[in-house]
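Biologist: I have a structure open and would like to learn how to read its features one by one. Could you walk me through it?

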Amino acid sequence: MTSVTTVTAGPSRPSGPLPGRTDADPGREAAGYVLRTATAADLGGARAVMLDTVYRDLRSGYVPRWHADIIDPGAAYLRPERCTLLVVEHRGEIVATGAVRDRGPQTPPNPRWVADRFPSGTTAQLCRIYVRPEHRRHGVARRLVRELTEFAVRAGGYEALYLHTDPAVPGAEPFWRSLAHEVCDERELPGGGQGIVHFELPMPTPVESPAPSSQPVPAGTPAH
């Protein structure tokens, strides 16, 4: 079982109480997954998860115009005030990532009307929600989505939660359809577009909620 230390990503994060182990029960402890805000020390492990995913699951490999944030996740997610990077650790290894960026989809390559619907600045884009295959179906991805959504609410100024997914990745499309509303399925556009699906998540009502510095992930919830 990995030890848990309460950490933050720096003073730029929205203020609020930062919990350590809370509401833990034997099942959650046994799972051994700890979700927390990333620090500079986690960036190598986070980068490895992201690169493995774009090569193995997305099969695109590293493409600079799409994946510059993977090479420097600190600049992309840790330093900007209204962005964040979360990691999930299991037995000392980073096995999952999830991030919020403060920009909407750009055109090109995305359809103009999708970009207009989700402008940068007021759109929180959920991205890099990647879980290593051997750690899926433990509730990790759903917990990441919940914590990222809560971060966006705490950050303030966001009016929409947006994401897109590649339906060619096993399990990705049904997972997101269970949580979000489809905005555009590019496979239905003339020529098939990029083949991706754009989604919008409901924006929760702001509530007092602790930041996800270090907390066990509950077991038993399907995730992808």
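Modeller: Gladly, and please keep in mind that this is a predicted model. Let's begin with the rings: a search of the whole structure finds 2 aromatic pairs.

Biologist: How should I read such a pair?

Modeller: A pair of aromatic rings is described by the distance of the centres and the angle of the planes. Here, phenylalanine 118 and tyrosine 162 have ring centres 5.0 Å apart and planes at 40°, so this pair is tilted. Phenylalanine 118 sits in the loop between helix H5 (112-117) and S4, while tyrosine 162 belongs to strand S5, so the pair ties together parts that are 44 residues apart in sequence. Both phenylalanine 118 and tyrosine 162 are buried.

Biologist: What angle do the planes of phenylalanine 175 and tryptophan 176 make?

Modeller: The planes of phenylalanine 175 and tryptophan 176 are at 70° with the ring centres 5.0 Å apart, so that pair is edge-to-face. Phenylalanine 175 and tryptophan 176 are buried as well.

Biologist: Let's turn to the largest pocket. What is its volume?

Modeller: The volume of the largest pocket is about 1200 Å³. Of the 44 residues in its lining, Trp66, Gln125, Arg128, Tyr130 and His164 are the closest to the centre.

Biologist: Which element gives the most to that lining?

Modeller: S4 does, with 7 residues. Helix H3 (64-71), helix H4 (73-78), strand S4 (123-131), strand S5 (160-165) and helix H7 (172-177) each supply at least two residues. By type, the lining of the largest pocket divides into 23 nonpolar, 12 polar and 9 charged residues.

Biologist: Arg128 came up at the pocket centre. What is its phi?

Modeller: Arginine 128 has a positive phi of about 55°, although it is not a glycine. Arginine 128 lies in strand S4 and is buried, with a relative accessible area of 11%. Compare arginine 91, which also has a positive phi, near 55°. Arginine 91 is in the loop between strand S2 (84-90) and S3, and counts as exposed at 68% relative accessibility.

Biologist: And helices? How do I check one?

Modeller: One way is to set the expected span beside the distance between the ends. At 1.5 Å a residue, the 16 residues of helix H6 (residues 140-155) should span 22 Å, and the end C-alpha atoms are 22 Å apart, which agrees. Next, look at burial: 13 of the 16 residues of H6 are buried, so this helix is largely enclosed by the rest of the structure. Glutamate 147 is in helix H6 and counts as buried at 2% relative accessibility. Glutamate 147 and glycine 98 are 49 residues apart in sequence, yet 9.3 Å apart in space, C-alpha to C-alpha.

Biologist: What follows H6?

Modeller: Glycine 156 follows H6, with a positive phi near 80°.

Biologist: Where should I look for cis peptide bonds?

Modeller: Go to the loop between strand S3 (93-101) and H5, where proline 108 lies. The peptide bond from threonine 107 to proline 108 is cis, with omega near -15°. Proline 108 and proline 109 are also joined by a cis peptide bond, with omega about 10°.

Biologist: Last topic: how many disulfides are there?

Modeller: The count is 0 disulfides. The sulfur of cysteine 83 is 8.3 Å from the closest cysteine sulfur, that of cysteine 127, which is too far for a bond, given a cut-off of 2.5 Å. Cysteine 83 is buried, with a relative accessible area of 1%, and cysteine 184 is buried too, at 4%.

Methods
Residues are numbered from 1 along each chain as its sequence is written. This is a predicted model: local features need pLDDT of at least 70, side-chain atom pairs count only at pLDDT 80 or more; totals for chains, interfaces and linings use all residues. Side-chain values use heavy atoms; hydrogens and water are left out. Buried means under 20% relative accessible area, exposed over 50%, partly exposed in between (1.4 Å probe, protein chains only). Helices (H or I, at least four residues) and strands (E, at least two) are DSSP runs, numbered from the N terminus. The expected span of a helix is 1.5 Å times one less than its number of residues. On a 1 Å grid over the protein atoms alone, a cavity is a set of points where a 1.4 Å probe fits but cannot get out, and a pocket is an open set with protein on both sides within 12 Å along at least five of seven lines; lining residues have an atom within 4 Å of a point. Grid points are joined across faces, edges and corners, and a volume is the space filled by probe spheres set on the points. Ala, Val, Leu, Ile, Met, Phe, Trp, Tyr, Cys and Pro count as nonpolar, Asp, Glu, Lys and Arg as charged, and the others, Gly among them, as polar. Rings of Phe, Tyr and Trp (its six-membered ring) pair if their centres lie within 6.5 Å; planes under 30 degrees apart count as stacked, over 60 as edge-to-face and the rest as tilted.
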